[in-house]
Amino acid sequence: MQATIWHNPACGTSRKTLEILQETPGIALTVIEYLKTPPSREQLVALYAKAGITAREGLRTHNSPAAELCAELHLLDADDTTILDAMMAHPVLINRPLVETDKGVRLCRPQDVVREIL
């Protein structure tokens, strides 16, 4: 099975999710450090659609600098288009890790959510 993780190595949940994927037999894994190589807007919209979540649900609102950006950009009251615009300009606002397999996409918070698509 092919799996792709949009990963931040500085994030404990992302590291734990990556570990689950690496320990699962039969996984051909692609790791994308999303802060270095962010998804395009089209990719992100497609990932959220496959995960069944909105851009708001995929918005990182906690911890620095995301919390400050959310406040500065007034994202807590923004529509999905505005949130996506902000995510494209500031990938740190994309909550992670996102994992895609043939069985779907999940925002893996907590990390064990990844097991739903393995």
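A residue is described as buried when its relative accessible area is under 20%, as exposed when that area is over 50%, and as partly exposed in between. The structure analysed here is a predicted model. By this criterion arginine 41, with a relative accessible area of 25%, is partly exposed. Aspartate 85 is likewise partly exposed, its relative accessible area being 43%.

Arginine 41 and aspartate 85 are joined through their side chains in a salt bridge, with an N to O distance of 2.6 Å. Because arginine 41 belongs to helix H2 (residues 41-51) and aspartate 85 to helix H4 (residues 80-89), this pair ties together parts of the chain that are 44 residues apart in sequence. A search of the whole structure identified five salt bridges.

A further salt bridge involves helix H2 at lysine 50, whose partner is glutamate 100; the closest N and O atoms of this pair are separated by 2.8 Å. Glutamate 100 is located in strand E3 and lysine 50 in helix H2, and the pair therefore ties together parts that lie 50 residues apart in sequence. Lysine 50 has a relative accessible area of 52% and is classed as exposed, since the limit for that class is over 50%.

A salt bridge was also found between the side chains of glutamate 116 and arginine 106, at 2.7 Å from N to O. Arginine 106 is part of strand E4 (104-107), whereas glutamate 116 falls in the segment after that strand; the two residues are ten residues apart, and the pair links distant parts of the chain. The relative accessibility of arginine 106 is 24%, so this residue counts as partly exposed.

Strand E3, which spans residues 98-101, also contains threonine 101. This threonine counts as buried because its relative accessibility is 7%, and the buried class comprises values under 20%. When residues up to four places away in sequence are not counted, threonine 101 touches Met1, Gln2, Ala3, Ile117 and Leu118. The side chain of threonine 101 additionally reaches the backbone nitrogen of lysine 103, at a distance of 3.0 Å. With respect to leucine 29, threonine 101 is 72 residues away in sequence, while the C-alpha to C-alpha distance between the two is 9.5 Å.

Strand E3 thus provides both the buried threonine 101 and glutamate 100, the salt-bridge partner of lysine 50 in helix H2.

Note on methods
Residues are numbered from 1 along each chain as its sequence is written. This is a predicted model: local features need pLDDT of at least 70, side-chain atom pairs count only at pLDDT 80 or more; totals for chains, interfaces and linings use all residues. Side-chain values use heavy atoms; hydrogens and water are left out. Helices (H or I, at least four residues) and strands (E, at least two) are DSSP runs, numbered from the N terminus. Buried means under 20% relative accessible area, exposed over 50%, partly exposed in between (1.4 Å probe, protein chains only). Contact means heavy atoms within 4.5 Å. A polar contact is a pair of N or O atoms within 3.5 Å; within protein, one must be able to donate a hydrogen and the other to accept it, and residues adjacent in sequence count only if both atoms are side-chain atoms. A salt bridge is a side-chain nitrogen of Lys or Arg within 4 Å of a carboxyl oxygen of Asp or Glu.
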